Amino acid sequence: MPDDFDQELKDKAALPDRTPRLEIKNLVRRYEGLAVVDDVSLRIMPGQVTCLLGPSGCGKSTTLRMIAGVEMQDSGEIWVDGKLVCDTHFRVPPERREIGLMFQDFALFPHLTVAGNVAFGLRNGTREEKRARVEELLDRVDLLRFIDGYPHQLSGGEQQRVALARALAPRPRIMLMDEPFSGLDNRLRDGIRDQTLSLLKEEDSAVLLVTHEPDEAMRMADEIALMRGGKIVQQGAPYNVYTRPVDQAAVAFFSDANVLHAQVNGALAQTPFGQFLAPGIPDGTYVDIVFRPQHVRLDFDRAGKGPLPTPSDGVPARGVVERARFMGHESLVEFRMDHDGSTLKTTVPNVFLPKPGKAMWLTVRRDRCFVFPSH
Ligand SMILES: Nc1ncnc2c1ncn2[C@@H]1O[C@H](COP(=O)(O)OP(=O)(O)OP(=O)(O)O)[C@@H](O)[C@H]1O
Ligand SMILES: [Mg+2]
């Protein structure tokens, strides 16, 4: 596995003939004096998918609306294929930006047929060429049979797929998508998602996809931009963002997270699970040691004893099962720890459902722990 996907992205971006398809520089948007988008910069290459991932209200949709041109930034610039599209003095109108939009609150034209809706954005080409493009797209989203129907005859998910076909039809250079798959059921979603992605990649579009679902971002993105409170707090290939999170919230965004609290002494943090390295953190600092449930190892209790400590796993600590639930591809087992009564979450592949009250020993994989100063 490549050690550093970010380096790979940077290498690609550094090639001289590769101008970003979309570049935003230091975008700021304030409402009543409060910056809801606060100095956001992004570069997206042709054929690249970047996911803007973050909690509700962090400024994702506002960022997209400024790029689309339906909302003005207070400062910052937007560039497309090396040309300035918008700054505080100059502004290309939305309809001339060749940007495709697929927003949360998409709306089809009720008085137009499905074909009419999809053909709406097609300016060039003969009648036959337009019809062929409409048929091709409706086929890709598996709705060809509804071509002469009207929106009100379709389910919510079907309408959403029509909206997707409509957005894709003019082969936009940039596609902005705001939770475009949220209304689809799981089974349908995976298929549509992959189809949409391959269509956009074929066209070499740059895609900025907003989501608050980490699974969706991991599945779709070449690059993830983690957004919080109007700022991008971390940016990189999914592998790097997942394995080298910048803080506790970044860990918790992708999975459940366990936290141990400790104080640093001699660049080490002492815990019931043994010592953790805290390089560069001054003595006396309180730290959070954060790890994901899948990085806890479980061992059975043998007459009150657990496994021996090891350098990679540290010291085992004992807990009793509080509850165990089967989640499909794994089981989630929660423990109440003997040493302080705290709860720790663990996951085990497949089925493992020990009875509540059962004592077990837990060890934490050192190389998968993150040590952050407490706030
Ligand atoms: N027109 C407006 N006037 C005042 N405040 C606004 C306006 N539009 C958005 N906001 C505020 O800006 C912040 C960011 O909103 P935005 O819609 O960008 O969030 P989001 O990240 O897309 O959230 P969600 O995931 O819920 O869609 C929110 O706190 C919101 O209340
Ligand atoms: Mg939004």
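Asp-185 counts as exposed because only 7 C-beta neighbours lie inside 10 Å, and the cut-off for exposed is 12 or fewer. The model is predicted. Asp-185 sits in the loop between strand 7 (174-178) and helix 6 (186-202). Now look along the chain to Ser-312. Asp-185 and Ser-312 are 127 residues apart in sequence, and 42 Å separates their C-alpha atoms.

Strand 7 leads into a sheet. The sheet is open and has six strands, in the order 6-7-8-3-9-10. Its pairing is mixed. Strand 6 (99-102) and strand 10 (231-236) form the edges, and each pairs on one side only. On average, neighbouring strands here are turned by 15° against each other, direction ignored.

Follow the order to its end at strand 10. Strand 9 (residues 223-228) pairs with strand 10 in the antiparallel sense. Five bridges join the two. One contact to find is Met-227, whose bridge partner in strand 10 is Ile-232. Strands of a sheet pair through backbone hydrogen bonds, either parallel or antiparallel.

Further along the chain, turn to strand 19 (residues 359-364). Strand 15 (residues 296-300) pairs with strand 19 in the antiparallel sense, over five bridges. In this pairing, Arg-297 stands opposite Thr-363 of strand 19. Strand 16 (residues 317-326) also pairs with strand 19. That pairing is antiparallel too, over four bridges. Here Arg-318 stands opposite Trp-361 of strand 19.

Definitions and conventions: Residues are numbered from 1 along each chain as its sequence is written. Chains are lettered from A and ligands numbered from 1 in the order in which they are written. This is a predicted model: local features need pLDDT of at least 70, side-chain atom pairs count only at pLDDT 80 or more; totals for chains, interfaces and linings use all residues. Two strands pair if DSSP finds at least two bridges between them. Axes are lines fitted to C-alpha atoms, for helices over the stretch in contact, and angles run from 0 to 180 degrees between N-to-C directions. A residue is buried if 20 or more other C-beta atoms lie within 10 Å of its own, exposed if 12 or fewer, and partly exposed in between; C-beta atoms are placed from the backbone.
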